[in-house]
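The following note concerns the model shown below. The points are numbered for ease of reply.

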Amino acid sequence: MDILLAMRAFRRVVERNSFYKAAEDLSVTPAALSKQIKQLEARLGTLLLVRTTRTMSLTEAGQGYYHEACRLLAEFDALEQSVADSAQRVAGTLRVNAPLSFGLMVLSPLLPKFMQNYPQLQVELTLDDRVLDVVAAGFDISLRIRRHLPDSSLSARSLGKVHQRICAAPAYLAQHGTPLGLDELHNHDCLAYSLAEKAGQWQFAAGGDDLIVAINPRATANNSLMLRDMILAGLGIGSLPSFVADPEIAAGRLLPLFSEHAAEPYQVFAVYPTRRYLLSKVQVFTDFIRDAWGSSR
């Protein structure tokens, strides 16, 4: 039996001094309510109510049980309300995991405003280009840059798009020439992101189809900022996420290549443990990043 439900039923019977009125309040039949009280008495092994056709009174055990039941139910209701209020209040600690380059290039400029908006919230940011286990590591949110997410027990939300830019420094192109077709990439020094799903391949779009070009990297790096610096230094042609490449392209320090063959963009997914109710701190963080950054992608 549901002991809390039975305690509430017993309390209502005593308060209304009537099975019929209490049953109306609880939207059950008097017979069902009477059965519930009898089950409670059987569980406790004592009589709580003395019932006749016209009167009802509490036994001594019933009086003591009524007062304690009222106290316990009040405490339980207060606990539930406290937890519900906490879930809706943007406070506590928000644990976020994100790729290093995305954290430095995108999150770092946005976090001051976010934290000003929510002064009761503490943020623990862990930057790591590896995919970490959200649940095992205790993260509230993990940001992942993928075209598609594998099926899992986790929930996910897209916050914006990231395009891959094939680019090179003007100095490199001046020395080695600008490749005019994708088939010329094998004649150039290429620099690759080692944690990519397929580090030795670049994906392009040609005639509505995906086109995979194999490269033989001269150097690899497991971080996009390191890769950017290598490309800026004129070491070769590389593929960078748009949030890293675009500022350099706008400043003329890098030149984009094969823009007409841009592949399907990646998505920045906010991945979080599946819960019946989304924590308010997770909701406001994902809303903020999507509105401040993702909506302009």
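1. An open sheet of five strands, with mixed pairing, follows the order β11-β8-β12-β7-β13. Its edge strands, β11 (219-221) and β13 (255-257), each pair on one side only. Strands here are DSSP runs of E with at least two residues, helices are runs of H or I with at least four, and both are numbered from the N terminus; two strands pair if DSSP finds at least two bridges between them. From one strand to the next the twist averages 40 degrees.

2. This is a predicted model, in which local features need pLDDT of at least 70 and side-chain atom pairs count only at pLDDT 80 or more, while totals for chains, interfaces and linings use all residues. Residues are numbered from 1 along each chain as its sequence is written, and side-chain values use heavy atoms, with hydrogens and water left out.

3. Within the sheet, β7 (residues 164-168) and β12 (residues 237-241) run antiparallel and are joined by four bridges; Arg-165 stands opposite Leu-240 in β12. Helix α8 lies across β7, β8 (190-193), β11 and β12, at about 145 degrees to β12. Helix α9 also packs on the sheet, touching β7, β12 and β13, and its direction makes about 115 degrees with that of β12. Contact means heavy atoms within 4.5 Å; axes are lines fitted to C-alpha atoms, for helices over the stretch in contact, with angles from 0 to 180 degrees between N-to-C directions.

4. The largest nonpolar core has 39 residues, and Leu-240 is among those with the most contacts inside it. Such a core is a set of buried Ala, Val, Leu, Ile, Met, Phe, Trp, Tyr and Cys residues joined through side-chain atoms within 4.5 Å; buried means under 20% relative accessible area, exposed over 50%, and partly exposed in between (1.4 Å probe, protein chains only). Helix α5 gives the largest share of this core, six residues.

5. Which parts does the pair of Phe-102 and Phe-243 tie together? Phe-102 lies in helix α5 and Phe-243 in helix α9, so the pair ties together parts 141 residues apart in sequence. The pair is edge-to-face, 5.2 Å centre to centre with 85 degrees between the planes. Rings of Phe, Tyr and Trp (its six-membered ring) pair if their centres lie within 6.5 Å; planes under 30 degrees apart count as stacked, over 60 as edge-to-face and the rest as tilted. Phe-102 counts as buried at 0% relative accessibility.

6. Phe-114 and Phe-285 form a further edge-to-face pair, at 5.3 Å and 85 degrees. Ring pairs link these two residues with Tyr-118 and Phe-288 into a cluster.
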